[in-house]
Amino acid sequence: MNIQLDAIRPEDDCFGTVSDRQMLSFPEAVATALATAVPPGGRETVALSQSTGRVLATDVLAPSALPRFDHSAMDGYAVHCADFNGREPWMLEVVSSVAAGEVTSGQHAGFRKAVGINTGALIPDGFDAVVVQERCSQMGSGRILVTSAPREGANIRRRGEDVAADTLIASGGAEISPHHSALFAAMGIKEVSVRPRIRIAYLATGTELRRPGEPLGPAQIYDSNCFLVQSALLKHWAEVHDFGYVPDTLEAAVRLLEEVAGSFDVIISSGGMSHGPMDFMRAALKTCGARLSVLNVKMRPGKPSAFGRLSDSLFIGLPGNPMAAAVALTQLAMPAIRRTAGIMKIGNAWEVGVADFEYRKRLGLSEFVPVRFSDQSGDLFPSLELLGKGSSGSLLPLAQADGLACLGPDLEVVQHGAAIQFTRFRD
């Protein structure tokens, strides 16, 4: 998807209220939603042991070189390459030994002298290579026989060969991974500066909704969108507060929006965003003074998706139908939420696959369909199998899918074997 994410600036003036009839293309909607998101201010210091999954607030520079000193990469013998003159083999006298964490005392270098050394041990002064023990023969009386001359620096890890002092080792906005944690620990970093967790309010509209385990009336359904949103946002950089259900009345919707407005970084609602007689969310947002920049998107499913600002909060209105909500959440909302959290990598990664199906769609709409893919041995691109047809109310195809294919607005018929774009589910 050719969406210029880096060109979007949070200070751009895109918060003016849009018409209910105005429809944005999918790339326009992504760009506008991103511009609506405001990266966070503030930072906090946390222990390295508690930092995995948090978002770095600042760049991290290496406080020292890594490795911190020249050390042996193998078990063997420290030697001096100049001693290996003449014809092989060479007899060397082992004058000492050194283990990891030890420092040898005195001067041991001399003609055809060697020091036994363990992996990780400091290279003694006067030695410039390590001969691995498997290439030496023990001759007794503290002597070894070497049949192959080493090159200078062999089996030695040099100071700073991994990281030089003051090198940038992690950028602000990165999610701290276990690999970051290992690197920081090796550098002696015990605390890091991170962004505060963003606070997210979730509310759902619908008198008919119930939670799993509650008894159902004859016209009631279990809510799946609550678990979709909370599972997708089960992140170390976010905390989700569930405000339950809003009955299908304008007064109830206004009351709950006023309660959460400005108190959360992000407000996510589910349902009530269409134009039906019981869809009150748009009217409630207008009553509460929301400034919406996205109201309708030229996509299927997920057309009635909304983005804007409600007080100091990013507002995201998801459709009520479960597949439409899932597509809008992953393709439109998550990039804006990640930007709000201050995360550097915000967009979905798009790849090229080959359609193992034929499909007819409407011109002018970007359509998202669940696919299962296989990396065919020897093939350049994975083969994509269609699961369902993007019905806004379907759940099973998404549960079985490996990702989503995006069929662009200029496509009307997808031919078998055609190249199409898809994105893998992030988690």
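**View 1. The surroundings of Phe 69 in the predicted model.** In this predicted model, Phe 69 is partly exposed, with a relative accessible area of 38%. Phe 69 belongs to the loop that runs between strand S2 (60–61) and strand S3 (71–72). Together with Val 103 and Leu 122, Phe 69 forms a nonpolar patch on the surface, and the accessible area of these three residues together is about 260 Å². Because patch members must have over 30% relative accessible area, the 38% of Phe 69 is consistent with its place in the patch.

**View 2. Strand S6 and the two strands paired with it.** Strand S6 covers residues 113–117 and is mostly covered, as 4 of its 5 residues are buried. Strand S4 (residues 76–79) runs antiparallel to S6 and is joined to it by 3 bridges, whereas strand S5 (residues 90–98) runs parallel to S6 and is joined to it by 5 bridges. Ile 117 in S6 appears in both pairings: Gly 76 stands opposite Ile 117, and Val 98 also stands opposite Ile 117.

**View 3. The salt bridge between Arg 54 and Glu 44.** The side chains of Arg 54 and Glu 44 meet in a salt bridge, with an N to O distance of 3.3 Å. The pair links distant parts of the chain, 10 residues apart, with Glu 44 in strand S1 (44–47) and Arg 54 in the loop between strand S1 and S2. The two partners differ in their cover, since Arg 54 is buried, with a relative accessible area of 2%, while Glu 44 counts as partly exposed at 31% relative accessibility.

**View 4. The salt bridge between Glu 239 and Arg 199.** Glu 239 forms a salt bridge with Arg 199, and the closest N and O atoms of this pair are 3.5 Å apart. Distant parts of the chain are linked here, because Glu 239 lies in strand S16 (residues 238–246) and Arg 199 in strand S13 (residues 198–205), 40 residues apart. Glu 239 is partly exposed, with a relative accessible area of 30%, and Arg 199, at 30% relative accessibility, likewise counts as partly exposed.

**View 5. The salt bridge between Asp 242 and Arg 211.** In this view the side chains of Asp 242 and Arg 211 meet in a salt bridge, for which the N to O distance is 2.7 Å. Asp 242 lies in strand S16 and Arg 211 in the loop between strand S14 (209–210) and strand S15 (221–222), so the salt bridge ties together parts that are 31 residues apart in sequence. Asp 242 is partly exposed, with a relative accessible area of 32%, whereas Arg 211, with a relative accessible area of 19%, is buried; the value for Arg 211 counts as buried because the cut-off is under 20%.

**View 6. The whole protein, as context for the close-ups.** The protein has 7 helices and 28 strands, and a search of the whole structure finds 10 salt bridges. Its radius of gyration is 31 Å, although a compact globule of 427 residues would have one near 22 Å, and its C-alpha atoms fill a box of roughly 95 × 50 × 45 Å along the principal axes. Buried residues make up 47% of the 427 residues, and the protein exposes about 20,700 Å², of which carbon and sulfur atoms supply 49%. Among contacts between residues at least 6 apart in sequence, 72% join residues at least 24 apart.

Key
Residues are numbered from 1 along each chain as its sequence is written. This is a predicted model: local features need pLDDT of at least 70, side-chain atom pairs count only at pLDDT 80 or more; totals for chains, interfaces and linings use all residues. Side-chain values use heavy atoms; hydrogens and water are left out. Buried means under 20% relative accessible area, exposed over 50%, partly exposed in between (1.4 Å probe, protein chains only). Two strands pair if DSSP finds at least two bridges between them. Patches are made of residues with over 30% relative accessible area and no salt bridge: like charges are joined within 9 Å, nonpolar side chains (Val, Leu, Ile, Met, Phe, Trp, Tyr) within 5 Å. Accessible areas come from the Shrake-Rupley method with a 1.4 Å probe; for residues, only the protein chains shown count as cover. A salt bridge is a side-chain nitrogen of Lys or Arg within 4 Å of a carboxyl oxygen of Asp or Glu. The radius of gyration is taken over C-alpha atoms; the globule rule is 2.2 Å times the number of residues to the power 0.38. Contact means heavy atoms within 4.5 Å.
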